[in-house]
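Hi,

Here is the structure I promised to pass on. Have a look at it first, and then read my notes below.

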Amino acid sequence: MIPSPSQSLPIKGVRKMIARKMMESLATTAQLSFSARIDASHLVATRKGWKAAGVDAGFEDLLLAVIRDTLLDHPQFNATATTDTLQIYESICVSVAMAVGDTLVAPALPDLRGLSIPEIVTTRRALLQRA
């Protein structure tokens, strides 16, 4: 049995928007959880290579590029489902969770198609600055 709450507080501002978006996501996309262990040595080596070339790429930037490439190869995963259709999107917009003070925000990066790693780095950092 779940106990009654001792207090109820309204959700406001950014947290309200995040809660609304999370509920919208639950209602419009298939929920999937998957975990696996991977060998990330290639990812680490790739990041070192970009840093040696003067590009301060983070792991998240490289993962965004991998996600983009995967969605280009498998467009059915860049979609939302209705009761009887799969709506596939051409644009590849990815939300990235970012800590801003004591708040977690998840702004969407604009269409990642055609962006190089340096452009992804710049776009993600600009989004973080605006968050």
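Below is what turned up around one helix pair and two pockets.

A word on the basis: this is a predicted model, so local features need pLDDT of at least 70 and side-chain atom pairs count only at pLDDT 80 or more, while totals for chains, interfaces and linings use all residues. Residues are numbered from 1 along each chain as its sequence is written, and side-chain values use heavy atoms, with hydrogens and water left out.

Let's start at L43, which sits in helix 2 (residues 41–52); helices are DSSP runs of H or I with at least four residues, numbered from the N terminus. Beyond its neighbours within four places in sequence, L43 is in contact with F59, L62 and L63, where contact means heavy atoms within 4.5 Å. On the helix 2 side, V44, T46, R47 and W50 join L43 in meeting those three residues of helix 3.

The second largest pocket involves L43 too: H42, L43, T46, L62 and V66 are the nearest to its centre among 13 lining residues. A pocket here is an open set of points on a 1 Å grid over the protein atoms alone, where a 1.4 Å probe fits, with protein on both sides within 12 Å along at least five of seven lines; lining residues have an atom within 4 Å of a point. Helix 3 contributes most to this lining, with 5 residues.

The largest pocket is lined by 37 residues, with S25, T29, C93, V94 and S95 nearest its centre. Helix 1 supplies the largest share of that lining, 7 residues.

Enjoy exploring!

How values were computed. Helices (H or I, at least four residues) and strands (E, at least two) are DSSP runs, numbered from the N terminus.
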